[in-house]
Protein chains: 4
Amino acid sequence: MSKNATGLTHECGVFGAIGTEFWPDNVDISQIILIGLEALQHRGQESSGIVTTNGTTFHTQKGMGLVRNVFNSENMKKLQGFMGIGHTRYSTSAASDQVNCQPFFVHSIHGSLAVAHNGELVNKDGLRKMVLGRGVGLSTHSDSELITQALCLNPPEGEINGPNWPGRIKHLMQLSPLSYSIVIMLKDRIYAVRDPYGNRPLCLGKILPVSDRVNGFSDTQAEGWAVASESCAFLTHIRYVREVYPGEIIEMTKGGIKTIDIIDRPEGKAPAFCIFEYVYFARPNSIFEGQEVYSVRAQCGRQLAIEQPVLADIVGSVPESGNAAAHGFAKQSNIPFGELLTKNTYVGRSFIQPTNRLRQLNVSLKFSPIGVNVAGKRVILIDDSIVRGNTIGPIIKLLRKAGAIEVHIRVASPPLQHPCYMGINIPTKEELIANSLDSTDLASHVGADSLEYLSVDGLVKAVQRNAKLENNKVGHCTACLTGDYPDGIPSNKDW
Amino acid sequence: MSKNATGLTHECGVFGAIGTEFWPDNVDISQIILIGLEALQHRGQESSGIVTTNGTTFHTQKGMGLVRNVFNSENMKKLQGFMGIGHTRYSTSAASDQVNCQPFFVHSIHGSLAVAHNGELVNKDGLRKMVLGRGVGLSTHSDSELITQALCLNPPEGEINGPNWPGRIKHLMQLSPLSYSIVIMLKDRIYAVRDPYGNRPLCLGKILPVSDRVNGFSDTQAEGWAVASESCAFLTHIRYVREVYPGEIIEMTKGGIKTIDIIDRPEGKAPAFCIFEYVYFARPNSIFEGQEVYSVRAQCGRQLAIEQPVLADIVGSVPESGNAAAHGFAKQSNIPFGELLTKNTYVGRSFIQPTNRLRQLNVSLKFSPIGVNVAGKRVILIDDSIVRGNTIGPIIKLLRKAGAIEVHIRVASPPLQHPCYMGINIPTKEELIANSLDSTDLASHVGADSLEYLSVDGLVKAVQRNAKLENNKVGHCTACLTGDYPDGIPSNKDW
Amino acid sequence: MSKNATGLTHECGVFGAIGTEFWPDNVDISQIILIGLEALQHRGQESSGIVTTNGTTFHTQKGMGLVRNVFNSENMKKLQGFMGIGHTRYSTSAASDQVNCQPFFVHSIHGSLAVAHNGELVNKDGLRKMVLGRGVGLSTHSDSELITQALCLNPPEGEINGPNWPGRIKHLMQLSPLSYSIVIMLKDRIYAVRDPYGNRPLCLGKILPVSDRVNGFSDTQAEGWAVASESCAFLTHIRYVREVYPGEIIEMTKGGIKTIDIIDRPEGKAPAFCIFEYVYFARPNSIFEGQEVYSVRAQCGRQLAIEQPVLADIVGSVPESGNAAAHGFAKQSNIPFGELLTKNTYVGRSFIQPTNRLRQLNVSLKFSPIGVNVAGKRVILIDDSIVRGNTIGPIIKLLRKAGAIEVHIRVASPPLQHPCYMGINIPTKEELIANSLDSTDLASHVGADSLEYLSVDGLVKAVQRNAKLENNKVGHCTACLTGDYPDGIPSNKDW
Amino acid sequence: MSKNATGLTHECGVFGAIGTEFWPDNVDISQIILIGLEALQHRGQESSGIVTTNGTTFHTQKGMGLVRNVFNSENMKKLQGFMGIGHTRYSTSAASDQVNCQPFFVHSIHGSLAVAHNGELVNKDGLRKMVLGRGVGLSTHSDSELITQALCLNPPEGEINGPNWPGRIKHLMQLSPLSYSIVIMLKDRIYAVRDPYGNRPLCLGKILPVSDRVNGFSDTQAEGWAVASESCAFLTHIRYVREVYPGEIIEMTKGGIKTIDIIDRPEGKAPAFCIFEYVYFARPNSIFEGQEVYSVRAQCGRQLAIEQPVLADIVGSVPESGNAAAHGFAKQSNIPFGELLTKNTYVGRSFIQPTNRLRQLNVSLKFSPIGVNVAGKRVILIDDSIVRGNTIGPIIKLLRKAGAIEVHIRVASPPLQHPCYMGINIPTKEELIANSLDSTDLASHVGADSLEYLSVDGLVKAVQRNAKLENNKVGHCTACLTGDYPDGIPSNKDW
């Protein structure tokens with residue numbers, strides 16, 4: 001299913017960057033952060049923000065809308081300093097308001113701090129009750145404010161002395177082990193934090209000096225360090241180093257980076273990186289667990305061809321999200337790949353009157369069939385996922401009008417059936433089409449000659465085939481497909 | 001001096017309204033608040049906001065700019081409920097940012113609360129240190145956030161039990177006796193609070209049923225109650241009742257209003273209502289201490305004529321702020337009043353190049369001399385105050401070009417010489433012209449034949465002549481004129 | 001009646017300026033034009049525009065909204081050159097569209113030309129038919145485009161040779177003698193044209209060198225020349241010289257100004273300057289026919305006091321448009337003048353729900369009674385005119401609530417009863433209250449103790465008392481008061 | 001070369017639609033036009049506009065920006081009627097101004113008319129001189145205004161009687177045989193006109209009744225007719241019928257469509273449809289000369305593989321414009337196709353500082369290499385064209401950084417070397433990289449192992465292989481590739 005036509009929305013992208021002693025004096029790091037946010041734009045288009053500091057003053061620019069609408073050459077000038085964090089956001093809640101834009105910034109008794117995060121605290125309610133109970137007023141319902149105020153709060157006697165930010169962060173991680181990637185900026189350092197389950201992604205990169213960028217990968221000193229939700233944000237000027245480990249706290253200063261601690265998961269719990277990052281959210285060139293997302297998706301296509309073969313003349317995809325899987329399917333099945341549809345990138349929201357006359361034109365405005373590949377052909381159409389199932393029907397009709405004699409849908413992920421409590425805004429159970437129609441009924445509902453999903457086992461196999469897993473432990477969160485939540489279904493826990 | 005041409009800026013206007021049991025079900029009180037804010041617009045044009053509630057949900061609309069730009073028929077619809085508070089603001093700090101818009105709203109362990117205030121906490125630094133020290137992060141440097149978090153904080157053991165909002169408010173007032181008028185809204189009540197010195201104004205009104213508004217002042221049951229910084233906000237649909245007393249805490253609920261407590265000033269301290277509200281800030285039809293502002297200003301003009309007489313053909317004013325005093329001066333001196341200048345209301349900011357060629361045209365674009373009243377005349381021009389002294393020179397030049405043979409300036413208030421720590425953004429000592437030039441030198445500097453101020457004694461006399469003062473105690477803050485601060489010059493006090 | 005609360009709207013203000021050989025090279029005349037338009041803003045707030053030229057290229061900036069919204073420091077930079085014309089507009093037609101913004105600019109076979117005008121062609125339909133009949137397509141229904149294309153059109157054989165702009169202008173004036181003031185800019189000159197009846201105002205000024213502005217009115221060489229709808233646009237940097245005569249064509253070049261011709265009115269016709277410019281439209285400091293508008297209005301007030309005396313305690317006005325007449329009335333009647341109402345300048349459009357509950361608050365939001373001058377008093381309230389009569393009723397109610405014991409309305413102009421075909425957008429006959437209620441009935445309708453108008457004779461007497469009329473001929477257009485149109489009621493004439 | 005990274009810009013898309021007697025009364029045809037413009041958005045993003053009519057009144061909505069920014073549900077409501085024309089525009093001139101938005105609309109002696117066109121009049125200067133010489137003023141330098149006024153002008157005596165719009169159109173076509181597609185709307189009809197050379201595209205479609213759209217292509221009566229620059233604008237609700245023939249004038253009325261005339265080319269001239277529509281501009285699913293654009297592009301890829309073979313491991317494209325050719329190349333060469341790059345659709349303009357530090361990041365922000373298909377591979381990268389050659393170098397660097405061991409560029413069109421005078425905004429000769437570097441030098445300049453173009457003969461062969469050409473005459477304009485202009489190089493001709 002096409003990413004642009006979906007009901008799935010991802011909360012956030014985070015980015016942090018700091019210059020080392022080799023960082024040139026007259027350069028503001030905000031440009032690096034801006035580029036990072038543009039490259040993470042697919043993780044959230046609702047609002048974005050950057051906070052920078054030169055070690056004394058903090059500078060903030062936040063706003064509703066795309067990165068390119070929030071920032072301009074004018075307001076970029078004020079984002080001075082050698083260090084900063086940024087955020088791009090798609091809210092899970094209805095409250096898409098200016099006040100919820102991240103990074104969240106406060107003054108505390110131990111100095112100012114800015115916080116940006118991706119994810120959702122599964123025991124949010126308990127943490128919220130604790131913070132309110134200590135006499136703090138909270139302006140919003142956002143996790144960012146909650147995390148920030150929890151970090152500020154003086155902990156119970158004897159537990160943590162003075163500022164002790166690492167101690168405060170560890171304390172928070174123990175209270176709330178899942179799910180988040182957080183960047184926390186103080187006046188002289190950034191902490192990059194990933195939850196112990198590794199549910200949300202976060203990776204580390206080295207900002208290359210200009211000479212290295214031009215001449216290639218010689219191994220001179222880093223000019224700076226960066227962390228990002230996805231490695232696609234590093235482009236060519238930042239060298240991907242590794243993932244931040246589940247539970248790791250990295251401290252980034254002018255002097256370099258160091259691992260402060262790695263917080264354990266609760267006894268007996270496996271790592272649980274969100275498998276839907278592979279299936280759906282991430283950019284194809286991002287790297288998770290040592291492998292490129294595109295290659296995993298292609299592998300899913302191969303697996304799908306093994307599990308659900310069908311005789312046909314041509315294999316294509318719903319562009320562009322299904323491309324990789326379609327190529328994999330084509331290779332495995334030996335059926336030639338061909339473009340079945342092109343996408344009109346200019347089409348946005350539309351003003352078509354909701355009358356019978358013009359209904360369903362939206363889909364044909366967005367996707368155009370390529371006659372030469374469709375007419376008179378038996379076609380296999382690969383989609384990355386099916387959520388509500390609203391788009392696939394009109395697309396099939398489009399292909400049939402263009403002369404397809406058979407249309408077989410193959411979905412490169414298993415049926416989506418359960419809610420997510422860890423940061424993904426999945427529609428309600430009722431809205432998820434897989435909860436009301438099995439694949440046979442869905443095929444007939446959308447007018448396909450056949451429709452089949454990849455199995456959960458097949459997906460896990462495709463994902464883990466080449467993954468460098470932590471201690472070789474099996475470890476992905478498949479809760480939205482299976483209902484198995486890494487830490488049980490969250491309730492309102494006190495603590 | 002004309003209000004529009006000045007360097008003096010007033011922080012804020014506050015408004016609160018609640019419907020009683022007679023309030024009609026299908027009516028939102030937000031309209032009443034909106035009208036109130038429009039009528040208080042002169043107290044702050046930087047931002048405005050309204051928070052309402054129906055007893056369960058709170059609704060907020062805030063934004064930068066004039067009331068009419070922040071609110072529209074669309075967003076007014078969402079401001080539902082029988083109760084709400086509003087705010088219009090001119091910041092004293094440079095940080096004119098969305099994040100500082102009031103009312104300030106937070107969720108606390110004891111329920112949500114919204115806070116709006118006018119004034120400035122003189123011991124802000126101590127209070128801030130206390131709040132931060134308790135582990136609260138503060139997003140802004142605004143007093144509103146500080147007040148709100150201070151109210152939320154659990155006080156030291158034994159001091160206050162449970163929610164006990166009145167106790168929390170009293171506690172805050174004892175910690176910080178000056179200077180503010182505050183409205184605090186909880187889900188079922190509004191507290192209206194005025195500082196013990198009565199430095200900032202606040203008054204109480206009764207929302208009349210429609211029948212009363214049409215038929216006049218019969219004495220039926222109130223439909224609701226309102227508080228406002230100035231009675232001008234009551235228009236004709238709310239009947240002015242009285243001022244909120246210095247130190248008074250009024251609780252407003254569906255059932256009616258009651259005085260919870262009246263907090264004393266520190267031993268031996270006199271009330272200290274800001275005398276510049278009379279001179280400059282307030283709308284002429286507002287009522288303070290039982291008298292209409294216009295009549296006080298007219299009395300200032302009379303007093304000025306007694307203190308600083310001069311022979312002339314005509315008395316006029318810098319419109320419109322000097323009008324009342326000019327009429328008073330004319331009556332007292334028996335010199336006829338006449339319009340000397342008209343004001344071009346369309347003129348806003350201008351793009352005139354800062355070259356010698358076009359300098360000073362700003363003033364002549366804004367004010368036009370009335371030739372028939374000026375040519376060949378000895379004129380007395382009344383201004384309400386002189387701050388930086390930038391405008392009066394060009395105005396005098398204008399009058400002379402129009403044929404005035406003598407120009408005598410009479411200022412209906414004493415020289416402004418000291419900073420204000422209680423909510424008025426007075427320019428620095430260096431910028432206040434009265435600190436560098438006495439009236440004789442200033443006359444020659446601006447090209448006047450003479451220039452004289454009203455004396456401090458004269459001003460106080462004019463103000464107190466008909467005022468209903470608390471226990472007949474002398475009590476106005478004249479700090480900006482005399483340097484006598486009601487509570488001493490504020491320092492960073494711990495507590 | 002207050003200008004801001006009226007249904008009367010004036011079409012346009014025009015401004016033209018050219019530098020002479022003494023004009024400084026590095027200065028753009030656009031600043032002078034911008035200031036002129038700001039000062040003419042009262043004549044039209046719908047759109048404004050400026051076209052300038054340096055003798056080769058033309059530069060245009062036009063847009064919807066107030067002058068200060070259309071122009072900014074950025075777009076002013078591109079308005080280069082020593083010569084330009086400007087326009088500010090309030091449309092009479094519903095088509096308030098970008099496309100109708102003036103100046104109108106075209107390329108013609110004889111070079112580019114820009115045209116701006118104030119007024120309305122009474123024989124528009126005939127002229128339009130002629131232009132269309134010659135095969136020209138017209139994009140709009142505006143007179144500006146019509147005038148421009150009529151000027152461009154090759155006239156019938158033999159009539160005009162070559163460019164011959166003066167000939168073309170004269171031709172147009174003969175075809176269409178009424179009503180307009182026009183500025184026409186070619187690449188090296190501006191023509192300033194006033195209709196033969198002198199119905200719309202236009203005056204001439206001399207741009208003073210900087211030294212003269214500072215030192216006063218010495219008689220050095222002009223730096224440039226300017227024409228404007230009203231002399232208020234000249235401020236202090238342009239010296240008022242005289243009115244452009246009815247029918248005059250002035251040619252303005254780098255070398256100076258000269259009268260090209262003065263076109264006669266049709267045989268036996270009197271001049272017909274719009275008397276409502278005095279009553280209502282013009283700024284009080286503008287000069288028409290050798291007299292200041294303010295003094296004429298004051299004279300109207302005196303005349304009104306003679307014609308319609310009444311016993312009372314105080315005389316005031318609806319601010320600010322009634323001020324001059326009120327002062328005149330007070331002087332003549334020996335009843336003291338006092339401010340009865342102050343105006344809230346911040347109030348714009350409002351979002352008050354159209355329910356009975358809040359109706360009529362608009363007026364009390366805009367005007368506040370001054371209690372000390374109203375309570376217990378018999379008041380006379382002077383308004384400049386009454387159009388629809390919607391505002392005066394609520395104002396009277398306001399005064400009564402503030403304690404007025406008698407309210408007498410005196411209107412400083414005669415009843416408005418007829419449409420205008422010469423550029424003023426007067427409501428329909430049905431909407432004009434004077435067509436349905438006589439003064440007695442209107443008094444009772446609006447709740448006044450009495451209401452009386454100035455007589456037509458009285459108005460004409462007040463206006464002509466000190467006017468320097470052309471050849472001492474009686475000559476004002478009073479059509480909207482009397483139905484006597486200067487050239488008869490316009491019909492669709494062919495020519 | 002990627003369409004989004006190019007210097008080539010196409011002027012315009014046009015659309016016209018009319019309902020027949022079967023058109024439902026309560027439906028506005030504007031929705032059909034809006035959808036058409038959205039689908040033609042790739043032909044111009046600068047401005048767009050629609051004019052509709054119900055047979056009496058004309059309604060216009062035009063504005064700068066994308067279709068979705070110009071139109072909204074509010075302003076669509078006013079576009080009433082059963083007939084209308086629309087336009088989407090990218091200007092060739094610098095004057096990207098509101099005033100140049102099409103359709104152009106005027107009132108003429110023979111009724112109102114609205115005109116929209118795609119193309120450029122090669123003898124514009126002569127036509128302009130003629131129109132100006134007749135005494136018409138022209139507001140703009142746009143061809144639309146020129147065409148419109150030329151149509152309005154009364155022709156020389158005896159030539160055309162009365163309105164006679166067909167006669168006027170024919171007259172214009174004879175005066176100016178190239179290059180345009182025009183829609184002209186009068187109050188009861190639309191004329192669709194294509195230049196005699198057929199240089200710019202225009203096609204005809206039948207608006208299907210709702211039942212047909214749902215049930216497929218049964219042959220019921222048309223509900224209406226439409227013309228569009230490309231058939232991609234027809235989606236599924238309009239059935240493609242045929243191209244408008246070169247020189248054809250189609251009259252569309254409520255009663256149906258008919259060919260009024262087909263104007264001949266000058267003696268001996270061949271048809272000259274722009275070959276770059278195939279190469280570059282058109283959407284892949286559009287149909288020209290009986291063939292789908294995608295299939296022509298694939299054929300170009302095949303031809304390129306034949307002409308310029310090279311040994312490699314994988315063939316890919318610069319997405320998405322090179323996709324079809326890359327698939328063709330892969331098939332012909334038997335080298336597997338694979339995605340080499342993905343495109344970040346969110347990236348727009350960027351604020352990257354123009355310093356050495358961050359240069360070239362723009363390209364890597366826009367395109368990301370797919371490691372699994374690039375690393376360790378010899379890659380062939382297909383681009384559709386090379387204009388300035390700015391983008392290809394950074395892309396090659398990107399591929400090398402991702403591990404490509406050889407990068408061979410194959411360009412699916414010949415070198416671009418000459419300006420276009422027929423509506424395409426091609427950079428200057430100096431900017432066209434093919435004029436300064438041959439393919440070998442360009443390869444080394446951009447860092448490719450090899451770089452080769454398709455030959456002109458190869459392109460023509462690929463295009464004409466399946467094309468249904470007019471009378472089998474060879475006939476495409478290849479002027480930008482060969483310098484052979486269909487009508488010679490245009491000069492300023494009088495007529």
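**Close-up views of a predicted four-chain model**

**View 1. The β13–β14 hairpin of chain C.** Strand β13 (residues 248-253) of chain C and strand β14 (residues 256-262) of chain C run antiparallel and are joined by six bridges. Two residues lie between β13(C) and β14(C) in this hairpin. Ile250(C) has Thr259(C) of β14(C) opposite to it. Strands (E, at least two residues) and helices (H or I, at least four residues) are DSSP runs numbered from the N terminus, and two strands are taken to pair if DSSP finds at least two bridges between them. The model is predicted: local features require pLDDT of at least 70, side-chain atom pairs count only at pLDDT 80 or more, and totals for chains, interfaces and linings use all residues. Residues are numbered from 1 along each chain as its sequence is written, while chains are lettered from A and ligands numbered from 1 in the order in which they are written.

**View 2. Strand β9 of chain B and its two partner strands.** Strand β9 (residues 190-194) of chain B is largely enclosed by the rest of the structure, because five of its five residues are buried. Here a residue is buried if 20 or more other C-beta atoms lie within 10 Å of its own, exposed if 12 or fewer do, and partly exposed in between, with C-beta atoms placed from the backbone. Ile190(B), Ala192(B) and Arg194(B) point one way from β9(B), whereas Tyr191(B) and Val193(B) point the other way, and all are buried. Strand β8 (residues 180-185) of chain B runs antiparallel to β9(B) and is joined to it by five bridges. Four residues connect β8(B) and β9(B) in a hairpin, and Ile184(B) has Tyr191(B) as its bridge partner in β9(B). β9(B) is also joined by four bridges to strand β13 (residues 248-253) of chain B, again in antiparallel fashion. In that pairing, Ile190(B) stands opposite Met252(B) of β13(B).

**View 3. The annotated cysteines of chain A.** An unreviewed UniProt entry carries the annotation "binding site" for Cys274(A), Cys420(A), Cys477(A) and Cys480(A). These residues span 207 residues in sequence, yet no two of their C-alpha atoms are more than 10.1 Å apart, so they gather at one spot. UniProt positions are given in the numbering used here, feature names are shortened, and annotations may be inferred rather than shown by experiment. Cys420(A) lies in the loop between β22 (406-411) and β23 (424-425) of chain A, and is partly exposed, with 19 other C-beta atoms within 10 Å. Cys480(A) belongs to helix α16 (residues 479-482) of chain A, and is buried, with 26 other C-beta atoms within 10 Å. Neighbours within four places in sequence aside, Cys420(A) is in contact with Ile426(A), Ala479(A) and Cys480(A); contact is counted if the C-beta atoms of two residues, placed from the backbone, lie within 7 Å. On the same basis of excluding residues up to four places away in sequence, Cys480(A) touches Phe276(A), Leu416(A), His418(A), Cys420(A) and Ile426(A).

**View 4. The contact between chains B and C.** A turn of 180 degrees and a shift of 0.0 Å along the axis lay chain B on chain C with an RMSD of 0.1 Å. The two copies are thus related as by a two-fold rotation axis. The superposition is by least squares on the C-alpha atoms of residues with pLDDT of at least 70 in both copies. The same surface serves both copies, as 100% of the contact residues of chain B recur in chain C. Within chain B, Thr345(B) comes closest to the rotation axis, at 3.9 Å (C-alpha). Chain B and chain C each contribute 55 residues to the contact. α1(B) supplies the largest share of the side of chain B that touches chain C, with five residues.

**View 5. The contact between chains D and A.** Chain D is superposed on chain A (RMSD 0.1 Å) by a rotation of 180 degrees with 0.1 Å of shift along its axis. Thr345(D) is the residue of chain D that comes closest to the rotation axis, at 3.9 Å (C-alpha). The copies meet through the same surface, because 100% of the interface residues of chain D are also interface residues in chain A. The contact draws 55 residues from chain D and 55 residues from chain A. Elements giving two or more residues to the side of chain D that touches chain A include α1 (30-39), α9 (293-307), β20 (367-369) and α13 (392-401) of chain D. Of the elements, α1(D) gives the most, with five residues. This side of chain D comprises 24 nonpolar, 22 polar and nine charged residues, where Ala, Val, Leu, Ile, Met, Phe, Trp, Tyr, Cys and Pro count as nonpolar, Asp, Glu, Lys and Arg as charged, and the others, Gly among them, as polar.
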